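Please open the model in the viewer and keep the sequence panel visible. The tour proceeds by successive selections, each followed by a description of what is found there.

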Amino acid sequence: MRPEFRQLLADLANGVIDGVTFYDLDRLVRQPRDLEDLIDLVEYVKRPVTGATGGRMNLINEARPA
């Protein structure tokens with residue numbers, strides 16, 4: 001269990017943060033279950049999770065207007 005990752009998910013769900021930017025996906029999630037939880041939450045809250053790798057932005061999920 002990664003308490004900081006769980007706190008990140010809680011902050012995203014509660015609107016404490018507007019989105020997540022990460023350097024590399026393997027630094028953000030360590031287990032497939034973590035990725036599934038993140039995807040489920042992002043789809044629910046409609047907030048962006050964006051990665052930057054090699055200077056290029058890769059959009060994982062884009063916030064969509066309600």
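**A buried aspartate, the core and a helix**

Begin with Asp-11, which lies in helix 1 of this predicted model. Asp-11 is buried but forms no salt bridge; Arg-47, the nearest side chain of opposite charge, is 10 Å away. Beyond its neighbours within four places in sequence, Asp-11 is in contact with Val-16 and Ile-17.

Next, select Phe-5, Leu-9, Leu-12, Val-20, Phe-22, Leu-28, Val-29, Leu-38, Leu-41, Val-42, Val-45 and Val-49. These twelve residues constitute the largest nonpolar core. Helix 1 (3-13), strand 1 (20-22) and helix 3 (32-45) are the elements that each give two or more residues to this core, and helix 3 gives the most, with four residues.

Within that selection, centre the view on Leu-28. Leaving aside neighbours within four places in sequence, which residues is Leu-28 in contact with? They are Arg-2, Phe-5, Leu-8, Val-20, Phe-22, Leu-38 and Val-49.

Now display helix 3 alone. Its 14 residues, at 1.5 Å a residue, should span 20 Å, and the end C-alpha atoms are indeed 20 Å apart. Colour Asp-34, Asp-37, Leu-38, Leu-41, Val-42 and Val-45, which are the buried residues of helix 3. These residues cover an arc of only 130 degrees around the axis, and therefore lie on the same side of helix 3. Turn to the face of helix 3 directed away from its buried side, where the exposed residues Pro-32 and Tyr-44 are carried.

Finish at Lys-46, just after helix 3, where the backbone takes a positive phi of about 60 degrees.

Terms used
Residues are numbered from 1 along each chain as its sequence is written. This is a predicted model: local features need pLDDT of at least 70, side-chain atom pairs count only at pLDDT 80 or more; totals for chains, interfaces and linings use all residues. Side-chain values use heavy atoms; hydrogens and water are left out. A nonpolar core is a set of buried Ala, Val, Leu, Ile, Met, Phe, Trp, Tyr and Cys residues joined through side-chain atoms within 4.5 Å. Buried means under 20% relative accessible area, exposed over 50%, partly exposed in between (1.4 Å probe, protein chains only). Contact means heavy atoms within 4.5 Å. Lys and Arg count as positive and Asp and Glu as negative; His and the chain ends are not counted. A salt bridge is a side-chain nitrogen of Lys or Arg within 4 Å of a carboxyl oxygen of Asp or Glu. The expected span of a helix is 1.5 Å times one less than its number of residues. The arc is that of the directions from the helix axis to the C-beta atoms.
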